[in-house]
Amino acid sequence: MTRRLLTLLAGSLVFAGHAFAGGREENRELEVSLTDASRPPMGGDGTISVTLKNNGKSTIYLPKVHTPLYTPENHLMNNVFKVVDERGDAAKFIGRYVRVLPEDGDSYYGRLAPGETLSHEVDLTADYMLLPGTQYQLSYEQPYAYGYSQEEGGRGQLKDNRLIEPSNTMTFTYIPRKQSTRTHRDEPDPAKECTSEQYSAISAATLDAHVWVSRARTRIENLYFVELGKDDLGNTTYSGRLKQDNVYDYWFGAARNQAEPYLSRPSYTDYWRKDDDYLMMKSLNSVGLRLGGEAYLCGCPSTYPWNTAAWTQTEPKNIIHLCDRFFELPVSDGAYDSQRLTIIHEVSHFVDYRGGETADYVYGRNGAHELTTSNRANAVKNADNLMYFVGAANQ
């Protein structure tokens, strides 16, 4: 059976408010389609239908946190979709970043049997800020695998050979309903104020988190050096570079060292402002500045998988929601999942004036490391890569 990663071909036919990819293979094993589910039809109220079909002969495993078929409390579990307006600007994500530990296959994956089709309606307005009268293009990429295994070494994390199947691109103009019956904005938050016992555990986990982040930053600063060169006119040039470091390379990939040369010796800050790796460094700095001022709620919806450690909201303000699984994790465990690293992970998602907020492209040690070669631009912005690096830098 041929299992290929298919790419969305350029060129699409747009009609009746939808855009369907043209020229794509009809016999691909995973079929991902988006259609308008507005009421009345074609109303453009932000309700869409996601359909996944397994055309193959093997069961397909879908990571729930990155699959829009699963929307506990009518919310996506992550920033799954690409929602872009006419100017090419992304619609603001106002939803949740849910961290499900990849330690139990039954909870982590949904399954799509051979020949099975699953559909689910998603209300985009629950997780994206859509502007009335604005035309948007909507698409997403569905990760999937044909099986999984457990990480060696007794730590229990899952491993899979992940593939990606893109959806069609759908176009719609957002027109809000005059009398909305939606209730997702009015639903009470299921979380409660943390108990004194829970706050004690949180304090113990965050006590040295700032020190850990500072040590990780210092490790990177110690890798920095300036390389001399000559320009076409024979003038001496100075280029900021990073030395090779096994820990840095394992969690972020080898530094690209593509910063433009200067005619005067650049500072450490100048280097990070000119190189992709600056995105990661900015995130690390922002986490260090935020730690100690974060807000918490305890308790998570029963609709989330049992192995959900925490989730972060960024609207209307930054709050970390800690689940029961969080309090079962060790306070500290090096570059493995722990309470300390979970807090660093969640704080990195915060949206504020400091910038450098991270995304959740993949979860777990295996997925984070593999991202450094499959998509390094995402690896330097992925929350798990950041937190595992901090843990490894403090071992």
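Okay, so a helix or a strand here is a DSSP run, at least four residues for a helix and at least two for a strand, numbered from the N terminus. With that in hand, the protein chain has eleven helices and 22 strands. And keep in mind that what you're looking at is a predicted model.

Let's start with the whole chain. There are 395 residues, and 53% of them count as buried. The chain exposes about 18,300 Å², and carbon and sulfur atoms supply 48% of that. Now, about contacts: if you take those with a separation of 6 or more, residues 24 or more positions apart account for 69% of them.

On to the sheet I'd like you to find. Look for β3, β4 and β10. They make an open sheet of three strands, in the order β3-β4-β10, with antiparallel pairing. Which strands stand at the edges? Those are β3, residues 30-36, and β10, residues 117-123; each has a single partner strand, so one side of each is left without a neighbour in the sheet. From one strand to the next, the twist averages 20°. In general, strands of a sheet pair through backbone hydrogen bonds, and that can be parallel or antiparallel. Here, β4, which covers residues 47-54, pairs with β10 over seven bridges, in the antiparallel sense. If you want one spot to zoom in on, try Thr51: its bridge partner in β10 is Ser119.

Now for helices. Find α2, residues 196-206, and α8, residues 339-347. Their axes come within 8 Å and cross at roughly 80°. Angles from 65 to 115 degrees count as roughly perpendicular, and α2 and α8 are therefore roughly perpendicular to each other. Who makes the contact? On the α2 side we have Ala201, Ile202, Ala204, Ala205 and Thr206, and on the α8 side Gln339, Arg340 and Ile343.

Another helix to click on is α9, residues 364-374. Its buried residues are Gly364, Arg365, Asn366, Gly367, Ala368, Leu371 and Thr372. And what covers them? The cover includes two strands, β8 and β15, plus the helices α4, α10 and α11.

Last topic: salt bridges. A search of the whole structure finds 18 of them. I'll show you three.

Here's one I like. Glu103 and Arg325 meet through their side chains in a salt bridge, 2.7 Å from N to O. Glu103 lies in the loop between β8 and α1, while Arg325 is in helix α7, so the pair ties together parts that are 222 residues apart in sequence. How accessible are the two partners? Glu103 is partly exposed, with a relative accessible area of 22%. Arg325, at 13%, is buried, because buried means under 20%.

The next pair is Asp106 with Arg111, at 3.3 Å from N to O. Asp106 counts as exposed, with 56% relative accessibility, and Arg111 is partly exposed at 32%.

And then there's Asp89 with Arg87, where the closest N and O atoms are 3.5 Å apart. Asp89 is partly exposed at 38% relative accessibility, and Arg87 is exposed at 70%. This pair also has company: Asp85, Arg87 and Asp89 are linked in a network of salt bridges.

That's my tour. If you go back to the structure afterwards, try starting from Glu103 and Arg325, and follow the chain from the loop before α1 to helix α7.

Note on methods
Residues are numbered from 1 along each chain as its sequence is written. Side-chain values use heavy atoms; hydrogens and water are left out. Buried means under 20% relative accessible area, exposed over 50%, partly exposed in between (1.4 Å probe, protein chains only). Contact means heavy atoms within 4.5 Å. Accessible areas come from the Shrake-Rupley method with a 1.4 Å probe; for residues, only the protein chains shown count as cover. A salt bridge is a side-chain nitrogen of Lys or Arg within 4 Å of a carboxyl oxygen of Asp or Glu. Two strands pair if DSSP finds at least two bridges between them. Axes are lines fitted to C-alpha atoms, for helices over the stretch in contact, and angles run from 0 to 180 degrees between N-to-C directions. Angles under 35 degrees count as roughly parallel, over 145 as roughly antiparallel, 65 to 115 as roughly perpendicular and the rest as oblique.
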